[in-house]
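Thanks for coming. I have one structure to go through today, and I will take it piece by piece.

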Amino acid sequence: MSNKRTRMSGFARTAAAGVLALAAAALGAGVATAHDEKGGAADMSWTKSKYGPDDEVGAANLVTPELVAKAAGLVKTGKVYNLAMESNPSLPAYEPRKFEIMVVQPAQGGVAGGFGPNKATYNDDMVVGWNGAGTHIDGLGHLGVDNVYYNGHKGHEFADIKGLKKLGLEKFPPLVTRGVLIDMTRYFNTPMVKEGTPFNRKEIEEAAKAQGVEIRKGDVVLFHTGWADLIGKDNKKYIQVQPGLGMDGAKYLADLGVVAIGSDTAALEVLPGETRDLFPVHQELLARQGVYILENVVTKDLAKDNANEFMVVLAPPRITGSVQAIFTPVAVR
């Protein structure tokens with residue numbers, strides 16, 4: 001067997017292990033199929049995007065220059081919030097996801113005092129890791145339904161090991177829009193919402209009303225749960241279970257026309273889930289609705305300041321064919 005085939009075989013085993021680990025985190029249930037609850041063929045109308053047959057950016061289409069200008073009007077104090085966790089090997093992530101950085105000094109071995117008359121020396125760095133570790137965005141090519149993804153794209157036609165041929169995050173336009181924080185710790189009157197607690201339309205509407213904030217078309221909605229306080233204390237629990245968005249809540253927010261939904265948890269949606277399906281909220285938002293997902297978002301500073309609405313900036317790196325992207329969301333108010 002050639003070295004190339006050996007490497008590919010190792011990659012395949014690693015990928016398979018990742019699928020099994022993610023499945024276990026979501027209850028170890030069966031794989032979702034394109035059938036309804038009665039066993040008949042499911043409604044596949046969702047495979048045709050309302051933005052047209054060539055669309056690859058989904059709900060990002062909703063952010064107009066007018067919405068950008070309105071979002072800029074929310075900046076009153078100039079306070080900037082870093083919404084990203086630090087990316088490092090100790091940050092919990094679903095297996096086999098890893099993250100490592102290596103700092104190197106190429107071609108400097110044996111060079112006494114540096115290069116040239118000015119004795120120049122330098123460091124470079126190289127990241128070896130998964131884009132789904134750390135604070136990141138899930139692109140529309142991340143989760144599908146029976147190998148069908150957003151706008152009807154079939155996995156075998158666009159998912160190449162060298163990068164997605166469709167739905168890659170290089171297509172994602174830098175977004176500046178209104179952000180809304182829904183503080184579920186305030187709603188449930190607890191510093192950390194209990195695992196397995198779903199947020200559906202009732203809870204979202206009541207929490208938003210109590211905060212005096214309205215969710216609008218083009219918004220980025222962030223949930224604060226306090227769950228990130230487990231990091232460094234109980235990383236295993238942080239990954240395996242969590243409070244989060246339920247299916248009814250996901251459909252409700254998508255119907256309102258939000259662009260992205262995020263939280264201070266590892267997977268956004270509630271775990272254990274409401275059913276035995278695997279990551280059904282991911283399927284609903286990404287594949288069916290074209291709504292982006294933000295995970296491992298730092299929300300505690302916004303919650304501390306009662307920052308219910310703000311301007312938010314989402315600008316993941318333009319890596320051609322990328323499925324997910326580690327990046328730093330920014331809020332300004």
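K209 and A210 are exposed, on the other side of helix α5 from its buried residues. Keep in mind that this is a predicted model. Helix α5 covers residues 201-211, and its buried residues are E203, I204, A207, A208 and Q211. Seen down the helix axis, those buried residues fall within an arc of 120°, so they line one face of α5. The general background is that an α-helix has 3.6 residues a turn, so residues three or four places apart point the same way.

What lies over that buried face? The cover of the buried residues of α5 includes strands β7, β8 (198-199), β9 (220-224) and β10 (244-245), along with helices α4 (184-188) and α7 (247-256). Just after α5 comes G212, which takes a positive phi of about 70°.

Strand β7 was in that list of cover, and I want to stay with it for one residue. R178 is in β7, which spans residues 175-183. Is R178 buried or exposed? The relative accessible area of R178 is 7%, and the cut-off for buried is under 20%, so R178 counts as buried. As for a partner, the side chain of R178 makes a polar contact of 2.5 Å with the side chain of D219. Leaving aside neighbours within four places in sequence, R178 is in contact with twelve residues I will read by stretch: A71 and L74; then V213, E214, I215 and R216; then G218, D219 and V220; and finally E309, F310 and V312.

Now the sheet. β7 is one of nine strands in an open sheet with mixed pairing, in the order β1-β15-β13-β7-β9-β11-β12-β4-β14. Its edge strands are β1 (80-82) and β14 (324-326), each of which pairs on one side only. From one strand to the next, the twist averages 25°. At the β1 edge, three bridges join β1 to β15 (residues 330-332), and the two run antiparallel. Within that pair, V80 stands opposite V332 of β15.

Next, a loop. T135 is in the loop between β3 (124-129) and β4 (136-138). With a relative accessible area of 1%, T135 is buried. Which backbone oxygen lies 2.5 Å from a polar atom of the T135 side chain? That oxygen belongs to N296. N296 also appears among the contacts of T135, beside E295 and V297. Outside the neighbours within four places in sequence, the other contacts of T135 are L83, A84 and M85, and then A325, I326, F327 and P329.

The last residue is L164, in strand β6 (residues 163-164). L164 counts as buried, at 10% relative accessibility. L164 and T320 are 156 residues apart in sequence, yet their C-alpha atoms are 7.8 Å apart in space. Not counting residues up to four places away in sequence, L164 touches G141, F158, A159, G321, S322 and V323.

To finish, the totals for the protein. There are nine helices and 15 strands. Of the 333 residues, 47% are buried. Among contacts with a separation of 6 or more, 80% are between residues 24 or more positions apart. The accessible surface is about 16800 Å², and carbon and sulfur atoms hold 53% of that surface.

Note on methods:
Residues numbered from 1 in each chain as written. Heavy atoms only, no water. Helix = DSSP H or I, 4+ residues; strand = E, 2+ residues; numbered from the N terminus. Buried < 20%, exposed > 50% of the residue type's maximum accessible area, 1.4 Å probe, protein only. Contact = heavy atoms within 4.5 Å. Areas by Shrake-Rupley, 256 points an atom, 1.4 Å probe, with all protein chains shown as cover. Polar contact = N/O pair within 3.5 Å; in protein donor to acceptor, adjacent residues only side chain to side chain. Arc of directions from axis to C-beta. Pairing = 2+ DSSP bridges. Axes fitted to C-alpha atoms, helices over the stretch in contact; angles between N-to-C directions.
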